[in-house]
Amino acid sequence: MRSRPAPPAEHAAPAGDRHPLDPGLAQHYLDSLLAYMGGLVARRRVEPTGDLLSAMVRARDDNVDRLTEQELVTLAAGLLAAGHETTVTQIPNMVYVLLTTPGAGDTLRDRPELVPVAVEELMRFIPLGATAAFPRYATEDVELGGVLVRAGEPAVVNIAAANRDDTVFTDADRLDLTRQVNPHLGFGHGVHHCVGAQLARMELRVVLETLLDRAPGLRLAVPVEEPTWKSGLLVRGLVAMPVAW
């Protein structure tokens, strides 16, 4: 099926009257999050449970050289944000693509067993990151695309572009919900692979299966070009997506 590409992040429409936060306010919000997480760390230290945070506290306290207290709190806050904002944003991204790609919704309604494969293809096809945010630094001189990157210099990698690589994916710009060979980088790779990838996969599968079952007539309630996209954020997604069924 020929797809309707998701709007590029750089062309995303401003979210109504919303604008990027004032740096001082953004820092206030970040400080509040870190203070909250620091409180949870202190609580788990006194009353440990069987959750991930307790395990992280134990790893920190059993070997203080593994993590500083600040690293522990920052990592915990990062896991909270990354585990919530990404999945919550990618769900409507996926639904939008399914509703605006001719035949996509019908394919999954007729063949619900394809949902796990479809989730992998949608992760490949839809860029979740609004930009290539994190530089990688060369440890030695290396040539990339005819350009010499010297040791110590940064390279900014666009994972979304890698997921559309025609040397890896057949007809890479086409959404193929039956694609079986799919080594996408939607969850990162190597040491940067998402620690919550399996949880995210499960959540996305459950959402799509539930929508297909309970709202088989789901459709956009506005013209396809009307939904607007958030701006000023690392994670790209819709401000709102009115639907009917």
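Which residues are linked with R45 in a network of salt bridges? They are R60, D61 and E69. A salt bridge here is a side-chain nitrogen of Lys or Arg within 4 Å of a carboxyl oxygen of Asp or Glu. By this rule the count comes to 13.

This is a predicted model, where local features need pLDDT of at least 70, side-chain atom pairs count only at pLDDT 80 or more, and totals for chains, interfaces and linings use all residues. Residues are numbered from 1 along each chain as its sequence is written, and side-chain values use heavy atoms, with hydrogens and water left out.

Three of the pairs are listed here.

| Salt bridge | N to O distance |
|---|---|
| R60 and E69 | 3.2 Å |
| D106 and R109 | 2.7 Å |
| E121 and R179 | 2.9 Å |

Accessibility uses a 1.4 Å probe and protein chains only: buried is under 20% relative accessible area, exposed over 50%, partly exposed in between. R60 is buried at 16%. Its partner E69 is partly exposed at 29%.

D106 and R109 sit three residues apart in helix α4 (residues 104–110), so about one helical turn separates them. Helices are DSSP runs of H or I, at least four residues; strands are runs of E, at least two; numbering starts at the N terminus. D106 is partly exposed at 43%. R109 is partly exposed at 31%.

The side chains of E121 and R179 also meet in a salt bridge. This pair links distant parts of the chain, 58 residues apart: E121 lies in helix α5 (residues 115–125), R179 in the loop between α6 (159–162) and α7 (197–214). Both E121 and R179 are buried.
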